[in-house]
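Hi everyone, thanks for making time this morning. I'd like to walk you through one structure, starting on its surface and working inwards. Let me put it up on the screen.

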Amino acid sequence: ISPPRARSDERAWLSAMKICPSCKSEYGSGEVFCPNDGSRLITASQIDTNPDLLGSSDPLVGAVLSDRYEILRQIGEGGMGLVYEAVHVAIEKHVALKVLRDDFSRRQEVVARFRQEAKSASKIGNAHIVDISDFGRTPSGASYFVMELLDGEDLAEVLAREGQLPLERAADIVLQCCEALGAAHDTGIVHRD
């Protein structure tokens, strides 16, 4: 039998432990995403309050936000948010929807920066910058914005598959990035990343 201190240490470790909802692997508190499949890890306390999290699909997929956007599937994930393919239910236009993570949605300064990102990007009006058309909140209170859905391939995937790009193609990509940054700078916006 463990002494009481050891049991409390074990309880603390278990409460800090995170689990991948996809592959069910367990990790310490330092991990945010599963190294195996990239899923966002969930904590034991999240499982305690919502046992359906393990093995359930994304709760937003299939939902209709603001009576306009039906979420079809998750298409991307970043440190602060998730990106979904959605369809506007009235006009049947496919869009991308970026949802701020719940933990960030509780921080007003992050929500304000998220809204400012949407406003700033929508004012630039450049072919190399995604167009943002709407803003709202999910039923759980997470902020989201709606943007054009682009059909293409992530540059990291291209580089992983092809390795070094031919000079002409690499220069074309860099010039497009420079055009986008120049357009942003012309409107007084400096990209933070």
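Let's begin with charge. On the surface, Arg115, Lys119, Lys123 and Arg137 come together as a patch of positive charge. Which helix gives the most to this positive patch? Helix H4, residues 108-124, does, with 3 residues. Arg137 sits in strand S8, which covers residues 132-137. How exposed is Arg137? Its relative accessible area is 36%, so Arg137 is partly exposed.

Before going further, please keep in mind that this is a predicted model. Here is the overall picture. The protein chain has 6 helices and 9 strands. Of its 193 residues, 29% count as buried. The exposed area of the chain is about 12500 Å², and carbon and sulfur atoms supply 52% of that. As for how the chain folds back on itself, take the contacts between residues at least 6 apart in sequence: 37% of these join residues at least 24 apart.

Now to the salt bridges. How many does the structure hold? There are 8 salt bridges, and I'd like to show you a few of them.

Back in strand S8, please find Asp134. Asp134 makes a salt bridge with Arg68, and their closest N and O atoms are 2.9 Å apart. This pair links distant parts of the chain: Asp134 belongs to strand S8, while Arg68 is in the loop between strand S4 (64-65) and strand S5 (69-77), 66 residues apart. With a relative accessible area of 28%, Arg68 is partly exposed.

Strand S5 takes us to another bridge. Glu77 pairs with Arg101, again with the closest N and O atoms 2.9 Å apart. Here, too, distant parts of the chain are linked: Glu77 lies in strand S5, and Arg101 lies in the loop between strand S7 (94-100) and helix H3 (102-105), 24 residues apart. Are the two partners buried or exposed? Arg101 has a relative accessibility of 5%, and the cut-off for buried is under 20%, so Arg101 counts as buried. Glu77, by contrast, is partly exposed, at 32% relative accessible area.

Further along the chain, Arg161 and Glu162 form a salt bridge, the closest N and O atoms being 3.0 Å apart. Glu162 is partly exposed, at 37% relative accessibility. Which residues are linked with this pair in a network of salt bridges? The network is made up of Glu153, Arg161, Glu162 and Arg169.

Let's finish with two residues that carry no charge, and go back to helix H4 for one of them. Val110 is found in that helix. At 2% relative accessibility, Val110 counts as buried. What is Val110 in contact with, leaving aside its neighbours within four places in sequence? The partners are Met80, Leu100 and Phe104. Take Met80 in particular: Val110 and Met80 are 30 residues apart along the chain, and their C-alpha atoms are separated by 9.3 Å.

The other residue is Pro21, in the loop between strand S1 (18-19) and strand S2 (26-27). Is this loop residue buried or exposed? At 17% relative accessibility, Pro21 counts as buried. The C-alpha atoms of Pro21 and Ile42 are separated by 7.0 Å, with the two residues 21 apart along the chain.

That's my tour. Thanks for listening, and I'm happy to take questions.

How values were computed:
Residues are numbered from 1 along each chain as its sequence is written. This is a predicted model: local features need pLDDT of at least 70, side-chain atom pairs count only at pLDDT 80 or more; totals for chains, interfaces and linings use all residues. Side-chain values use heavy atoms; hydrogens and water are left out. Helices (H or I, at least four residues) and strands (E, at least two) are DSSP runs, numbered from the N terminus. Buried means under 20% relative accessible area, exposed over 50%, partly exposed in between (1.4 Å probe, protein chains only). Contact means heavy atoms within 4.5 Å. Accessible areas come from the Shrake-Rupley method with a 1.4 Å probe; for residues, only the protein chains shown count as cover. Patches are made of residues with over 30% relative accessible area and no salt bridge: like charges are joined within 9 Å, nonpolar side chains (Val, Leu, Ile, Met, Phe, Trp, Tyr) within 5 Å. A salt bridge is a side-chain nitrogen of Lys or Arg within 4 Å of a carboxyl oxygen of Asp or Glu. Lys and Arg count as positive and Asp and Glu as negative; His and the chain ends are not counted. The place of a charge is taken as NZ of Lys, CZ of Arg, CG of Asp or CD of Glu.
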